[in-house]
Amino acid sequence: MAESSSSLPPLCEKISYKYYFLRAVDLTILGLLFSLLLHRILLMKQSDNAWVAAFLCESFFTSVWLIITCIKWSPAEYKPYPDRLDERVHDLPSVDMFLTTADPVREPPILVVNTVLSLLAVNYPANKLACYVSDDGCSPLTYFSLKEASKFAKIWVPFCKKYNVRVRAPFRYFLNHPVATESSEFSKDWDMMKREYEKLCRKLEGATGDSHWLDADDDFEAFTNTKPNDHSTIVKVVWENKGGVGDEIEVPHFVYISREKRPNYFHNYKAGAMNFLVRVSGLMTNAPYMLNVDCDMYVNEADVVRQAMCIFLQNSISNSNNCAFVQYPQGFYDSNADGLAVLQSYIGRGIAGIQGSIYAGSGCFHTRRVMYGISFDDLEDDGRSLSSVATRNYLAEENLAREFGSSKEMVTSVVNALQRKLNPQHSSLTDFLEAAQKVGHCHYENQTSWGKTIGWLYGSTTEDVHTSLGIHSRGWTSSFISPDPPAFLGAMPPGGPEAMVQQRRWAAGMLEVLFNKRSPLIGVFFGKLRFRQSLAYLYILTWGLRSIPELFYCLLPAYCLLYNSALFPKGVYLGIIFMLLGMHCLYTLWEFMNLGFSVQSWFVCQSCGRINTTCSWLFSIPDIILKFLGISETVFVVTKKTMPEIRSESEYGKSQQEDDCPNQDSGKFEFDGSLYFLPGTFIVFVNLAALVGFSVGLLQRLSHSHGGSSSGMAEACGCVLVVMLFHPFLMGIFEKGKYGIPLSTLSKAAFLAVLFVVFSLGKLVY
């Protein structure tokens, strides 16, 4: 229970930023863009189709920059003070922690285990925590790994809390030796823990290729004759903290679940798994707050739960309980995500200053009552209890069964959650196994509101943004915390096929949300979505649509060189182009360097941005068209996760020496024979062909037959810039193996490039 005295310092504070200089730069760039568009309009009648195409592309870019300017106008974030929590709160609220995994091959069990161990070891009373792992692959290997992890947790959790270990994922913690100044007791315990962890790793690695343990233990009987897409519901209490009082040696509740799946039943991907987690946790522990993380996003800040509780409890103290969730930025321990870090720092803080951060799918604390579908208007003025109207609407027995399903135990837990009551503490988790089995059946959600207005929303492969939009449209706000060090860290897929698949899924999922009934274009008029917040959602949801103008704009300089027409204005207005390019480069470079990133990192991210847009996001458009035509559905493809190799004691010195030497393959772009790499290769070929033709004077000899205005150095510079941005593809033409573009892709791209050149030259080949 929270102390409400106003004389005590707050648990958190909202920090608002006013960057007047950056606002001026944003507005200057916007003014230059509008000036360029005005010039194109004035000369439209005197120009050809390339001029019109450039105008349309630049109009789209201008609208995007206008939205960005609106989003970044008033950035904000919250700063929690977890050290004040014990003074103000006598009884901390319970938190249920969710982790999802779906494929033991693409998501190695040792990676899942490390994330679980980091969750179990957070600085929070163990009797107030419960960790639930959803395994959508129904893998006995995953369950075996979690059982072994629970044994290791009984020594790992006390070790972390005894020595106040900061990084509580073992695979990261044991990368470095303890400093020489540490006590002998710590060094002895450290060596013992490292040996136990290496033993755990060897055991899990051995279990991957040998399944004799599956037949030796009756606990695995439920996995007999199961398939990832065809199995019954499995719920296992891996560890129960019976009678716990929150001591440092205790380990929180730990539960494994796998919902029922059948081949002919659509299971709604991650959103369906999250809703099953909500139901099972509601039956067993029914904590008022829920944390969800991806299986590769380990806890990097031990006080992360306390930080989030500062936000929720401060709202409770001030009677302004309008915060639905607290989102942390997604941090990464590799070098593939610098661009995302910059995006979260500037765009993320900007969105947080409007109606609140957008739910990013991981590293987010949710309020259970909000996930059960209530609106902010359903609460009394104190922000705690339901209004009389909402009580009649939500708590009527017939309404509860219709909305939440036929399970009486589930309905009881929902009533408790809506009324801010806890489940009876004397019950054992195993008492709810039968009820948990029931709410995991394929047909349980039929004719209910799960996925429609309750829980994680269905209808998109980006269930996070879809759910976030639904929450904000009901009048709720959210909070953004960006602590140092980062609260959660994970790994991004390397540049190449895996990244392309992930980006395509994101872009397609965004478009699904954009064109459904919860579109921000609708929510701003018929919901409680604020106007600038709707612009923030539009900025994200239109990622896929950006591929068309960017693709055209990458080809226009080459087309104009080949066709001998003007793309860029002459005279003073050509200066606008160079000023726009220079200001944008310096502005984005400053954003990167201000966060500690290098010039090389900035250029790589600019390059990857163009590649993702024109190659990966492009395929999201046919995905959505085919879905709306009823021909096919968008598919949720699990991204392959990787982790650093575990070093043994004897390998440590050698590995340390290897780390001091740069890896010659690090940062290289990987290719395969998929269609993702065809557009980029085609763009490079076309621009190279245009530059070759221009350099040998081919266009000068052909200019008399067109009678058009002479193209010049500006268009050639445009081609050079495009080739530079697609540098990985240029290098891939000459590389071999996985870093080289396959011959089949080169052949297709060359054929398309020849057609493009012939078309541009105005000749038809039959």
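Trainee: In what order do the 3 strands of the open sheet with E13 run?
Mentor: In this predicted model, the order is E8-E13-E10, and the pairing is mixed.

Trainee: Which are the edge strands there?
Mentor: Strand E8 (298-299) and strand E10 (331-332) are the edges, since each of them pairs on one side only.

Trainee: In what sense do E8 and E13 pair, parallel or antiparallel?
Mentor: E8 and strand E13, residues 488-490, pair in the antiparallel sense, over 2 bridges. Within E13, Leu 489 is the bridge partner of Tyr 298.

Trainee: What about the loop before E13, where is Pro 485?
Mentor: Pro 485 is in the loop between strand E12 (477-480) and E13. A cis peptide bond joins Asp 484 to Pro 485, with omega at about 10°.

Trainee: Now the other open sheet. What is the order of its 8 strands?
Mentor: The order is E5-E6-E4-E3-E7-E11-E9-E12, again with mixed pairing. E5 and E12 are the edge strands, each pairing on one side only. On average, neighbouring strands of this sheet are turned by 20° against each other, direction ignored.

Trainee: Which helices lie on it?
Mentor: Helix H10, residues 304-317, lies across strand E3 (95-101), E7, strand E9 (323-327), strand E11 (364-367) and E12, and runs at about 155° to E9. Helix H17, residues 463-473, also packs on the sheet, where it touches E9 and E12. The direction of H17 makes about 145° with that of E9.

Trainee: Why is strand E6 described as largely enclosed?
Mentor: Strand E6 covers residues 253-258, and 6 of the 6 residues are buried, so the rest of the structure largely encloses the strand.

Trainee: Which residues are on each side of E6?
Mentor: His 253, Val 255 and Ile 257 are on one side, with Phe 254, Tyr 256 and Ser 258 on the other. These residues are all buried, and both faces of E6 are covered. As a general point, side chains in a regular strand alternate between the two faces of the sheet.

Trainee: And which strands are joined to E6?
Mentor: Strand E4, residues 129-135, runs parallel to E6 and is joined to it by 5 bridges. The bridge partner of Ala 130 in E6 is His 253. Strand E5, residues 234-239, pairs with E6 in the antiparallel sense, over 5 bridges. There Lys 236 stands opposite Tyr 256, and Val 237 stands opposite Val 255.

Trainee: Changing topic: how many residues has the largest nonpolar core?
Mentor: The largest nonpolar core has 85 residues, and those with the most contacts inside it are Tyr 539, Phe 726 and Phe 729. Helix H21, residues 547-563, gives the most to this core, with 9 residues. A second, separate core has 83 residues, among them Met 193, Phe 254, Leu 313 and Leu 489. In soluble globular proteins, nonpolar side chains tend to be buried together.

Trainee: What is Phe 729 in contact with?
Mentor: Leaving aside neighbours within four places in sequence, Phe 729 contacts Ile 611, Cys 615, Phe 671, Phe 677, Gly 680, Thr 681, Val 684 and Ile 741.

Trainee: Phe 677 caught my eye. What does Glu 670 touch?
Mentor: Not counting residues up to four places away in sequence, Glu 670 touches Phe 677, along with Gly 495, Gly 496, Pro 497, Lys 738 and Tyr 739. Glu 670 lies in the loop between helix H25 (652-659) and helix H26 (678-695). The C-alpha atoms of Glu 670 and Ala 499 are separated by 9.8 Å, although the two are 171 residues apart along the chain.

Trainee: What is the relative accessible area of Glu 670?
Mentor: Glu 670 has a relative accessible area of 22%, so this residue is partly exposed.

Trainee: Which residues other than glycine have a positive phi?
Mentor: Asn 286 is one of them, with phi near 55°. It lies in the loop between helix H9 (269-284) and strand E7 (289-294). Another is Asn 564, with a phi of about 65°, in the loop between H21 and helix H22 (572-594).

Trainee: Are those two buried or exposed?
Mentor: Asn 286 counts as buried at 2% relative accessibility, and Asn 564 counts as buried at 5%.

Terms used:
Residues numbered from 1 in each chain as written. Predicted model: local features only at pLDDT ≥ 70, side-chain atom pairs only at ≥ 80, totals over all residues. Heavy atoms only, no water. Helix = DSSP H or I, 4+ residues; strand = E, 2+ residues; numbered from the N terminus. Buried < 20%, exposed > 50% of the residue type's maximum accessible area, 1.4 Å probe, protein only. Contact = heavy atoms within 4.5 Å. Pairing = 2+ DSSP bridges. Core = buried A, V, L, I, M, F, W, Y, C linked by side-chain atoms within 4.5 Å. Axes fitted to C-alpha atoms, helices over the stretch in contact; angles between N-to-C directions.
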